[in-house]
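User: Hey, I've got a protein open on my screen and I'm a bit lost. Can you walk me through it?
Analyst: Sure, let's take a look together.

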Amino acid sequence: MTRSAPDKSPTREDAGATGAFIAVVGPSGSGKDSIINYARDHLLGRPNFVFPRRIITRQADARSEDHDTLTIEAFIQTKARGGFALDWEAHGLSYALPTSIDDDIAAGRVVIVNTSRALVPALAARYRHLVVVSVSAHPDIIAQRLASRGREDAATIAKRLSRMQVEESLRSDAILIENSGPIEMAGQRFVHVLEDAALDIADGKARLGED
């Protein structure tokens, strides 16, 4: 279930009017975190690009992304206080984004997040400038990546791949990035997407200035 934060949160008309939200979606094992990390390294020192840490009810380890961990109880309490911009559930875990991303978008920055495809409608309602980037990879590559994590058995991985085939038919106007080859190929494509978003923001501000 996907829900936005309480009514005090910014709306599409204010916080979403200047910056951009880049939603990176795709099946587990497609390499979403890899291309995000590539872009973060490439854009280091450019404060208009923001890579917020997700909040997850899972302990961090060397094989998972760098995230903030909350217990289920603390997650529920923080959500009740309006401490999240958005939250969602996937694979038996709860995920959330900090409210600071609304300040970043209101300030005209590009916010990049690995998120769930199911969250896209809520993001579109909340942020005026939303770019959906759908990352894919060959099923054999995805299976290898999932197996290397050591979190799931072969049967669970097979179920993931089966769901992925169904989800592929649900794509809309997302920007598609194939990530079966060297990370530099998909990573550079993703960096170009982010830089294009920043240029669109700058152009929008210039037009407002002319008005």
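**A walk through the chain**

Analyst: Let's begin in the sheet: Val24 has Asn114 in S8 as its bridge partner. Keep in mind that this is a predicted model.

User: Which strand is joined to S8 there, and by how many bridges?
Analyst: Strand S2, residues 20-25, is joined to strand S8, residues 110-114, by 5 bridges. The two strands run parallel.

User: What does the whole sheet look like?
Analyst: It's an open sheet of 5 strands with parallel pairing, and the order is S3-S8-S2-S9-S10. Strand S3 (49-50) and strand S10 (175-178) are the edge strands, as each of them pairs on one side only.

User: Which strands does helix H1 lie across?
Analyst: Helix H1, residues 32-42, lies across S2, S8 and strand S9 (130-136). Its direction is at about 150° to S8.

User: OK, zooming out. How many helices and strands does the chain have?
Analyst: The protein chain has 7 helices and 10 strands. Of its 211 residues, 44% are buried.

User: And what about contacts between parts that are far apart in sequence?
Analyst: Take the contacts between residues at least 6 apart in sequence: 73% of those join residues at least 24 apart.

User: What's the accessible surface like?
Analyst: It comes to about 11000 Å², and carbon and sulfur atoms account for 52% of that.

User: Switching topic: how many salt bridges does the structure hold?
Analyst: There are 5 salt bridges. One of them joins Arg46 and Glu195, with the closest N and O atoms 3.1 Å apart. That pair links distant parts of the chain, 149 residues apart: Arg46 is in the loop between H1 and S3, while Glu195 is in helix H7 (residues 183-210).

User: Why do Arg46 and Glu195 count as partly exposed?
Analyst: Partly exposed covers the range between the buried cut-off of under 20% and the exposed cut-off of over 50%. Arg46 counts as partly exposed because its relative accessibility is 35%. Glu195 is partly exposed too, because its relative accessible area is 23%.

User: Got another salt bridge for me?
Analyst: Yep, Lys79 forms one with Asp87, and the closest N and O atoms are 3.2 Å apart. Lys79 is partly exposed, at a relative accessible area of 29%. Asp87, on the other hand, is buried, at 4%.

User: And Asp102, which residue does it meet in a salt bridge?
Analyst: The side chain of Asp102 meets that of Arg126, at 2.9 Å from N to O. This pair also links distant parts of the chain, 24 residues apart, with Asp102 in helix H3 and Arg126 in helix H4 (residues 120-126). Both residues are buried.

User: Where exactly is helix H3, and why does Asp102 count as buried?
Analyst: Helix H3 covers residues 100-106. Asp102 counts as buried because its relative accessibility is 3%. Its side chain also has a polar contact of 2.5 Å with the side chain of Tyr127.

User: Last one: which strand is Leu130 in, and what does it touch?
Analyst: Leu130 lies in strand S9. Leaving out residues up to four places away in sequence, Leu130 touches Phe21, Ala23, Val120, Leu123 and Ala124.

User: Is Leu130 buried or partly exposed?
Analyst: Leu130 counts as partly exposed, because its relative accessibility is 23%.

User: And how far apart are the C-alpha atoms of Leu130 and Val111?
Analyst: They are separated by 9.8 Å, and the two residues are 19 residues apart along the chain.

Key
Residues numbered from 1 in each chain as written. Predicted model: local features only at pLDDT ≥ 70, side-chain atom pairs only at ≥ 80, totals over all residues. Heavy atoms only, no water. Helix = DSSP H or I, 4+ residues; strand = E, 2+ residues; numbered from the N terminus. Buried < 20%, exposed > 50% of the residue type's maximum accessible area, 1.4 Å probe, protein only. Contact = heavy atoms within 4.5 Å. Areas by Shrake-Rupley, 256 points an atom, 1.4 Å probe, with all protein chains shown as cover. Polar contact = N/O pair within 3.5 Å; in protein donor to acceptor, adjacent residues only side chain to side chain. Pairing = 2+ DSSP bridges. Axes fitted to C-alpha atoms, helices over the stretch in contact; angles between N-to-C directions. Salt bridge = Lys/Arg side-chain N within 4 Å of Asp/Glu carboxyl O.
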